[in-house]
Amino acid sequence: MRPKVSTDLNARAAAERRRGFALGAATLAALVLLVSCLRESPPPESAETHEVRLAARGFGDLPGWNDGDMRAALQSFRRSCDAFARMDPDAMLGGEDYAGKVRDWLPVCGHARRAGASKTASRIFFEEHFRPFAVSDTEGAEGLFTGYYEPELRGSRTRSAEYATPLYGRPGDLVIVDLGRFRPGLAGDRIAGRVENGQLVPYPSRGDIVRGVLEGRATPLLYVDNGIDAFFLHIQGSGRVLLNDGTMVRVGYEAQNGHPYVAIGRVLIDAGELTKDGVSMQSIRAWLTEHPDRAEEVMDTNPSYVFFKELPLGDPALGPVGAQGVELTDEASLAVDRRHHALGLPFWLDGFAPAEGGGDRKYQRLLIAQDTGGAIRGVVRGDVFWGHGDGPADIAGRMQHRGEFYVLLPKAVAARHARR
C-alpha cells in the first residue's frame with residue numbers, strides 16, 4: 001500500500017497497501033457511471049502522456065547524483081528484471097505507457113545482471129544504459145513523499161486470553177469485481193462486496209468485523225496480542241509475526257473489504273485531539289494507547305479491513321512481496337501510483353526524510369518502483385519502503401516531505417521521447 005499529514009496515516013496510507021480499493025460502497029451501476037464521467041473529461045494538455053510530463057535531463061542535473069550509492073537500487077532493479085522476464089515482451093509496461101514495451105527493458109536487464117557490484121560500477125551501469133527525465137504534472141514538479149515499513153507483531157496459532165485479536169484470511173463469500181472487465185475505461189478500478197438475494201451489497205465494515213460478524217464465515221490465520229498493532233498492520237498491508245513457539249512468519253495482503261480507507265489522524269485532528277503539525281504514526285499510536293476507552297470507536301471510523309495470507313518468511317533481509325511480485329528492498333523500493341507509472345522503473349528522489357532522533361535530513365536516493373497503495377495517488381507521489389523493526393517504523397511514521405523525482409528510461413525509449 002500515505003500522506004501523513006492528512007494522516008494518511010503516515011502513510012502509507014499505505015493503506016490498502018497495499019493494493020487497495022479506493023472506490024468503496026456504491027452500487028456497481030453508480031460507480032461505472034461516476035468513474036466514466038470523471039475519466040471522460042478531457043485530460044490536461046501535456047507534451048507527453050495524459051498527465052505525466054517528462055523533461056529530458058542529464059545525470060549532472062540530478063541533485064546529489066554523483067555522491068549517490070546505487071548498489072541497493074541495482075540489486076532491487078535486478079529483481080524487477082525477473083518480473084519483466086515473466087511478462088509478454090510485446091506488452092506495454094504500464095502506467096501511462098511512457099516507458100514503452102517490456103522488450104525495451106530486456107536488453108538493459110541483461111546488462112544489469114552483468115554489472116559490477118561496487119559503488120562506482122553500479123552508478124556507471126545506470127549512466128551508461130539510461131537517460132533521466134524530470135517528472136511533473138499540471139501542478140508542477142513538487143509532490144509528496146511518505147514512508148512505509150513492515151511491522152512486527154507477537155502472535156499465536158491458537159486463541160487465548162493473551163492472543164485474542166484475529167487476523168483473518170479471505171472469507172469465502174467476499175466477491176471482488178474488476179470494473180475494467182466490464183468497461184475498459186475503468187481498468188484498474190475494483191469494488192468488493194458479497195452477494196445477497198442476487199445483488200452485490202457492501203461487505204461488513206471494520207467495526208462489524210472486529211465485533212465478530214465473521215465468526216463462522218472466515219478462518220483466522222493467527223491471533224495477535226494487541227488490537228492497536230493489528231490496526232496498523234492493516235494499514236501497512238503486510239508484516240512479520242513472532243509466534244509464541246519462537247518461529248517467525250510473514251502475513252501479506254490477500255484482499256480488502258471494499259470500504260474506503262479513512263485516515264484516523266484526520267479524525268483526531270477534527271476532534272481537537274491532535275494538531276495538524278503534531279500528527280504522526282507515533283502520536284496516533286500514543287493517543288490510542290492512552291485512551292483505551294475511546295480507541296476502538298476512533299479506529300472504527302476507518303471502515304476498511306484487510307484480509308491476509310500467510311507467506312514464507314524467505315530472506316529475512318528483504319521485505320515482503322510488493323505489487324510487482326518481487327521482494328521489497330529497504331530504501332531501494334518505492335510505491336507509486338500505477339495509473340501513471342509502470343512498476344520496475346528507477347526513480348531518483350530529491351527530497352527530505354526524518355533524521356534519527358528528530359529533525360529532517362536531505363534525502364537523495366535511487367529507488368525502484370515495485371509497489372503501489374490505495375493512498376498513493378498522483379503523478380509526483382511516492383512512498384519509500386524503509387524495512388522492518390523499530391528504526392524503520394520510526395522513520396516511516398514521521399516521513400511526510402515535499403520533493404521532486406526523476407525517472408530513468410532506457411536509451412532506446414528515451415530516444416523516442418526526444419523525437420517528439
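Begin by selecting Ser156 in this predicted model and displaying its surroundings: leaving aside residues up to four places away in sequence, Ser156 touches Tyr163, Leu222, Tyr223, Leu243 and Asn244. Ser156 belongs to strand β4, which covers residues 152–156. Is Ser156 buried or exposed? Its relative accessibility is 2%, and because buried means under 20% relative accessible area, Ser156 counts as buried. With the side chain shown, two polar partners can be picked out, one of them being the backbone oxygen of Thr158, which the side chain of Ser156 reaches at 3.0 Å. The other is the side chain of Asn244, with which the side chain of Ser156 makes a polar contact at 3.4 Å.

**Colouring by confidence**

Before going further, colour the whole protein by pLDDT, whose average is 87, with 87% of the residues scoring at least 70. Over residues 1–49 the pLDDT is below 50, although this stretch has 191 contacts in the model beyond near neighbours in sequence. Where pLDDT is low, the predicted coordinates should not be read in detail. Which elements of the protein have the lowest and the highest mean pLDDT? The lowest, 31, belongs to helix α1 (residues 28–40), while the highest, 98, belongs to helix α2 (residues 71–85).

Select Val52 next, in the loop that runs between α1 and β1 (53–56). Val52 has a relative accessibility of 0% and therefore counts as buried. If you then add Tyr98 to the selection, you will have two residues that are 46 residues apart in sequence, yet 8.4 Å apart in space when taken from C-alpha to C-alpha.

**Helices α2 and α3**

Now show α2 together with helix α3 (residues 102–114), whose axes come within 10 Å and cross at roughly 135 degrees. That angle makes α2 oblique to α3, and the crossing of the pair is left-handed. To see the contact itself, display the side of α2 formed by Leu74, Phe77, Arg78, Cys81, Asp82 and Phe84, and then, on α3, Val102, Trp105, Leu106, Val108, Cys109, Ala112 and Arg113.

Keep Phe84 on display and select Gln324, which touches Phe84 and also, among others outside its sequence neighbourhood of four places, Ser80, Ala83 and Arg86. Further along the chain, the residues that Gln324 touches include Leu343, Gly344, Ala369 and Gln370. Where is Gln324 placed? Gln324 lies in the loop between β12 (306–311) and β13 (333–335), and with 11% relative accessibility Gln324 counts as buried.

**Two residues with positive phi**

Stay with the loop between β12 and β13 and move to Glu331, which is also placed there. The phi angle of Glu331 is near 55 degrees, a positive value in a residue other than glycine. Glu331 is partly exposed, its relative accessible area being 23%.

Then go to Asn197, in the loop between β7 (190–196) and β8 (199–201). Here too phi is near 55 degrees, and for Asn197 this is again a positive value in a residue other than glycine. Asn197 has a relative accessible area of 77% and is exposed.

**Around helix α8**

For the last part of the tour, select helix α8 (residues 281–290) and highlight its buried residues, which are Met281, Ser283, Ile284, Trp287 and Leu288. Which elements do these buried residues of α8 pack against? Their packing partners are β3 (143–150), α6 (227–236), α7, α9 (292–299) and α10 (390–398).

Of these partners, show α9 beside α8: the two helices pack at an angle of about 125 degrees, and their axes are 6 Å apart. They are therefore oblique to each other. Trp287, Leu288, Thr289 and Glu290 make the contact from α8, and Pro292, Arg294, Ala295, Val298 and Met299 make it from α9.

End the tour at another of the partners, helix α7 (residues 264–270), by selecting Ile269, which is placed in that helix. At 15% relative accessibility, Ile269 counts as buried. Add Val279 to the selection, since this gives one last distance to read in the viewer: the C-alpha atoms of Ile269 and Val279 are separated by 7.9 Å, with the two residues 10 residues apart along the chain.

Notes
Residues numbered from 1 in each chain as written. Predicted model: local features only at pLDDT ≥ 70, side-chain atom pairs only at ≥ 80, totals over all residues. Heavy atoms only, no water. Helix = DSSP H or I, 4+ residues; strand = E, 2+ residues; numbered from the N terminus. Buried < 20%, exposed > 50% of the residue type's maximum accessible area, 1.4 Å probe, protein only. Polar contact = N/O pair within 3.5 Å; in protein donor to acceptor, adjacent residues only side chain to side chain. Contact = heavy atoms within 4.5 Å. pLDDT = per-residue confidence, 0-100. Axes fitted to C-alpha atoms, helices over the stretch in contact; angles between N-to-C directions. Parallel < 35°, antiparallel > 145°, perpendicular 65-115°, else oblique. Left-handed = near helix turned anticlockwise from the far one by under 90°.
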